[in-house]
Amino acid sequence: MGYEHHTTGGKAHRATARRARRLTLALLLALVVLAQMLPGWGEAYARNVYPLVAAPLSTLSGAVPFAVGDVFIALSIAGLLAYPFHARLGRKHRPWRHIASRMAEYLLWTYTWFYAAWGLNYSQADFCHRTGIAPAAYQPDTFERFARRYVDSLNAAYRPDFPAVPDSVLCREVVQGYRHLSPTLGIHAPFTEHPRVKPMLFSRLASMVGVSGSMGPFFCEFTVNADVPPEEYPATYAHELAHQLGIAVEAEANFYAYLVCVRSSQPAVRFSGYFSMLPHVLGNARRLLPQAGYDSLRTTVRPEVAALSLRLSRYWQSRYSPFVGSIQDKLYDLYLRGNKISNGQRNYSEAVGLLIALEESGLRVP
């Protein structure tokens, strides 16, 4: 009788704990869904809640030398693949309904954690609403004037031999840059003076799909592909730090990274910022300008810069897998569209429009 009572009590306790856990999940999931649906909730999260979540998470994950989020994702995928076999063929021989229920619950917890820790930044107001800067209409003549000034600055920023930028110096320059931008351009200041960038755990795979960096939303950490060459590293670092500061939209992250880098006191950082915008400027030029205008703009790019661009394009192409990359492109495009980025991966190039809008606004940026 005593053993039976103990067993019955244990089952009742587990059932109560399970109900409490699922009720908590349901409440958190409801808040996440409401924050994505109701006007103002996403903005309130991004402005007021996210810093309270991100600061401690990034501090904790920053104490670990490897990308905790990469490990978490890899173990989660492995666990989800292995669990049905373990649960079905193991000693307890769980029914399929139980297996499906446990897996669905885990996925819902992961979904909730993703959005509560970072993903709700997709639901904040866009750059123009946060700053009061009017969107720029894409006019060919306006764009061409901007593009030619940009190419002049890019050419002037080039040096034959850039000295390597120590990590501590790059960190200082980028953090200082974001602190200057924060009061006027709708981005949080860095949560710490020494944000820790980590190499991607699966850099080789990232290169196969053309990914140079990532934001780890589960632990608010950011990573850079170990294959990123020195010319691209500062801008990639600044781009991923923008994501850690709550910027979810890729065009906005490109925009902020560009502004931070081109204002740096370090020549190599400045050039990296200008160079990061080159494919976006030329891509827009091909779309907006007549062929003669595009050819004229392209030929004004300094030969050494054009040669560097070609060399790095071949460098990444040698590491890219068309098959794996095409799968990743489709999945990531769906992911962006599912998070209200209606243009999918084309959003990366819209940073040019933000730069033109800022220029036309007359706003003075430190």
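Colleague: Which residues of helix α12 (residues 278-288) are buried?
Modeller: This is a predicted model, in which local features need pLDDT of at least 70 and side-chain atom pairs count only at pLDDT 80 or more, whereas totals for chains, interfaces and linings use all residues. Residues are numbered from 1 along each chain as its sequence is written, and side-chain values use heavy atoms, with hydrogens and water left out. Helices (H or I, at least four residues) and strands (E, at least two) are DSSP runs numbered from the N terminus; buried means under 20% relative accessible area, exposed over 50%, and partly exposed in between, with a 1.4 Å probe and protein chains only. On these terms, the buried residues of α12 are Leu278, His280, Val281, Leu282, Asn284, Ala285 and Leu288.

Colleague: What covers the buried residues of α12?
Modeller: Cover is judged by contact, that is, heavy atoms within 4.5 Å. One partner is Phe143, which touches Val281, Asn284, Ala285 and Leu288, among others. The covering elements include α6 (140-157), α10, α11 (267-276), α13 (291-299), α14 and α16 (351-361).

Colleague: Which helix gives the largest share of the largest nonpolar core?
Modeller: A nonpolar core is a set of buried Ala, Val, Leu, Ile, Met, Phe, Trp, Tyr and Cys residues joined through side-chain atoms within 4.5 Å. The largest one has 85 residues, and those with the most contacts inside it are Phe143, Tyr150, Leu154, Tyr178, Leu185, Phe255 and Tyr256. Its largest share, 9 residues, comes from residues 250-262, helix α10.

Colleague: Is Ile133 buried or exposed?
Modeller: Ile133 lies in the loop between α5 (127-131) and α6. Beyond four places in sequence, Ile133 touches Phe127, Cys128, Leu185, Ala357, Leu358, Ser361 and Leu363. Of these partners, Cys128 is itself buried at 15% relative accessibility. Because its own relative accessible area is 6%, Ile133 counts as buried.

Colleague: How far apart in space are Ile133 and Ala30, C-alpha to C-alpha?
Modeller: Along its principal axes, the C-alpha trace of the protein spans about 90 × 45 × 40 Å. Ile133 and Ala30 are 103 residues apart in sequence, and their C-alpha to C-alpha distance is 33 Å.

Colleague: Why does Cys220 form no bond with the closest cysteine sulfur?
Modeller: Cys220 is found in the loop between β2 (213-216) and β3 (221-224), and has a positive phi of about 50° although it is not a glycine. Its relative accessible area is 0%, so Cys220 is buried. A disulfide is a pair of cysteine sulfur atoms within 2.5 Å, and a search of the whole structure finds 0 of them. The closest cysteine sulfur, in Cys171, is too far for a bond because its distance from the sulfur of Cys220 is 17 Å.

Colleague: Which residues more than four places away does Ser321 contact?
Modeller: Ser321 lies in the loop between α14 (303-319) and α15 (322-338). At 16% relative accessibility, Ser321 counts as buried. Leaving aside neighbours within four places in sequence, its contacts are Met208 and Ser326.

Colleague: What percentage of the residues in the protein is buried?
Modeller: The protein has 16 helices and 3 strands. Among contacts with a separation of 6 or more, 75% join residues 24 or more positions apart. Of the 366 residues, the buried share is 45%.
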